[in-house]
Amino acid sequence: MNEFMEQALDSAAASAPVWLQDWQVDGRGRWERSVIPTRKTENWKYTGLQSLRQAFAAPAIAELGLSGAGVDVPELGDGYRLVFANGHHRPELSAGELPAGVSLVRFADASPAQAKRICSYLGTAVGRDAQLFTALNDAALAEGVFLEVAEDARVEQPLQLVWLTGNQAEAFTVNQRLLVLCGARSQATVIEHFAGTHSEQRTFTNGVTELLLESGASLEHYRLHLEQGAALHIGSVHARLAEHATINSFHLALGSELKRIDLVVDHAGPGAHCEVNGVYLPRGNEHIDYHTCIEHRVPHCTSNEVFRGIIADEATAVFNGRIHIHPDAQKTRAQLSNKNLLTSNQAQINTKPELEIYADDVQCAHGATVAQLDELALHYLRTRGVSVADARTMLSFGFINEVIDTVRNQPLREFLQKLLSERFARDGLAARRVKGEARP
Amino acid sequence: MLKIDNLHASVDGKDILKGLTLTVKAGEVHAIMGPNGSGKSTLGHVLAGRPGYTVTAGTVEFLGQDLFALETEERARLGLFLAFQYPVEIPGVSNMEFMKAAVDAVREQRGEPALDAVSFMKLARQTSALVDLDPAFLKRGVNEGFSGGEKKRNELMQMMLLEPRLAILDETDSGLDIDALQVVAKGVNSMRSPERGFVLVTHYQRLLEFIEPDHVHVLADGRIARSGDKSLALELEARGYSWLEDEVA
């Protein structure tokens, strides 16, 4: 019944390198046997998939510029940037030199030896029967990126991967895949950036990212969803941490018609640690759904997760934060906080912390709140002459600014602060115009 | 400049102000004293338009305008300033950004051009030095993690930046040590001018040793029970408030 992807899958099959063909066939089998979830499926209770009920074509090669309408990609100094447009690699838009200690292979270009190495890691963090959209990703797997950071390499320069979508006559789909292997004791920064140039273009991106951290590795990971309004994105990030590995993963989603991101962090070795921070900002009729799952399988690991959302207009959001502490995971410390701000009476958030704890010697704290702007803070700002609209803007931005402040990469933090403060200021100005308060 | 006539106000359905009348002229410093629960803080909140404070009777004129016809921010832009007894903490909004927005709004009202970011930063640094506040606090969230004294200095700094026509200081002296008290007094005294009025709401006479008031009023049970000059403050210090409350009752 999943024929809406048929054309794209046939096209992917025709363009796949030989070594990925078995992978595709297997994925396609799982995809075609699977059933599209409905509202009765617990994991999809608050996220409907009606917008997927249309045919999606394979993406055409698009002539896109990075400075094109609506696309703003941060300049990160001496970092390396790899750009895909409509799923096709675009060397002329890419920039910088790969830093020492980093190797990058595109699946389409892989030598037999490289293909063999990719196959020994690909899918190991996902679990092959995990989810239907990862099956779809396997089924359409013709291109992807394998990024490897050598053991003991200390890579200062950020590695930036940009997936752009442009426009074409029909709705189209992009299959995104990233595999990152951080060697033992290595340090690196990886930024995943999704954006679109045409706000009305219907696109469906189905992404899978795997982050494998070997013993003592440390990864700063950023995932920015800045796609156009008509974009559909179903994506997942799977991180697996070996002993004493540390991941710092930051997520930002501006809204679009449908975004569903699943994040799984698997503490597989003792002493591993994760920091996960995220911000989601749907408005209009947009919908954003974050499902996160922190797996604690082994003792002495820590996790700290903070997500905040501002839901405006008639937008809807879902946050499902699961912490799963297995019987052997004694001495685990896990924290989860999710705070939401609703700025209209029609805005909706479904937030659910989900704790499953099977070990007895653990510390686990969680909390979820839904609120409106603080009346007293609003009043305080107004007593200093600040207009209601400006005060709302400042408080809304302040609410997420606390999370943006955790971004360690300074140029990226400044980029995000500018991007978001401008967005809030624009919204504030629009609100003033509506109320007739706009300044000349 | 401020004319309060027979003001009645309630909070949560409870009458707090019960016929308060007070006139403040430009250039004057008024001290309002009184026991706990007499309505001192309520007066400041009502004048600033705090939600939850309902005016049930009476009028207030500020610079010739009906104060209650104005929104909170319009009152502020016109030159009314309230230093809060308990300043609000706003994490995520930087003190500097907040003060810039406030100064921009007030300057626009006065027909003055907005200060550019560099000039404002310079001005803010100079002002923070005047109130003895580490300029590092400019970058922090508004009042976020400030000590009681630091919050009061931050209020004072806002007052100095906004240059109001009338400043109401709601127990700005409470909880301050003698050094901080002198910083507050110095700030107020430096701003005294024939165009500007002050209302100092205070529980203790101590502040008035450093800021000499023109008039002292005692508030009891929601109205002014007695007015006088600074000697009234000394009398209160010596005799306490109870004899006045007895008189009112």
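Contact here means heavy atoms within 4.5 Å. With that in hand, let's look at two interfaces in this predicted model: one inside chain A, the other between chains B and A.

**Inside chain A**

The domain assignment splits chain A into domain 1 (2–269) and domain 2 (375–440). Their C-alpha centres sit 32 Å apart, and 15 residues of domain 1 of chain A are in contact with 13 residues of domain 2 of chain A. Three residues, A:Y222, A:F250 and A:L254, supply 36% of the area that domain 1 buries against domain 2, more than any other three. On the domain 1 side, the elements giving two or more residues are β9 (218–226) and β11 (246–254) of chain A.

One residue to look at in chain A is A:N409, in the loop between α6 (388–404) and α7 (410–434). Is A:N409 buried or exposed? Its relative accessibility is 12%, and the cut-off for buried is under 20%, so A:N409 counts as buried. Setting aside neighbours within four places in sequence, A:N409 is in contact with A:L76, A:P158, A:E220 and A:Y222.

**The two interfaces in numbers**

| Interface | Buried area | Share from carbon and sulfur atoms |
|---|---|---|
| Domain 1 of chain A and domain 2 of chain A | about 1,200 Å² | 76% |
| Chain B and chain A | about 2,200 Å² | 63% |

As for polar features, the rule finds zero salt bridges across the interface of the two chain A domains, where two residue pairs are in polar contact. Across the interface of chain B and chain A there are three salt bridges and 10 residue pairs in polar contact. One salt bridge joins B:E71 to A:R382, with the closest N and O atoms 2.9 Å apart.

**Chain B against chain A**

Here 32 residues of chain B are in contact with 19 residues of chain A. B:E73, B:V88 and B:F98 supply 22% of the area that chain B buries against chain A, more than any other three residues.

Which elements give two or more residues to the side of chain B that touches chain A? They are α2 (72–78), β6 (80–83), β7 (90–94), α3 and α5 (148–162) of chain B. Of these, α3(B) gives the most, with seven residues.

So what does α3(B) look like? Helix α3 covers residues 95–109 of chain B, and its 15 residues reach 21 Å from first C-alpha to last, close to the 21 Å expected at 1.5 Å a residue. The helix is mostly covered, with 11 of its 15 residues buried; among them are B:F98, B:M99, B:A102 and B:V106. After α3(B) comes B:G111, whose phi is positive, near 75 degrees.

Key:
Residues numbered from 1 in each chain as written. Chains lettered and ligands numbered in written order. Predicted model: local features only at pLDDT ≥ 70, side-chain atom pairs only at ≥ 80, totals over all residues. Heavy atoms only, no water. Helix = DSSP H or I, 4+ residues; strand = E, 2+ residues; numbered from the N terminus. Expected span 1.5 Å × (residues − 1). Buried < 20%, exposed > 50% of the residue type's maximum accessible area, 1.4 Å probe, protein only. Domains from an automatic or database assignment. Buried area = accessible area lost by both parts, 1.4 Å probe. Salt bridge = Lys/Arg side-chain N within 4 Å of Asp/Glu carboxyl O. Polar contact = N/O pair within 3.5 Å; in protein donor to acceptor, adjacent residues only side chain to side chain.
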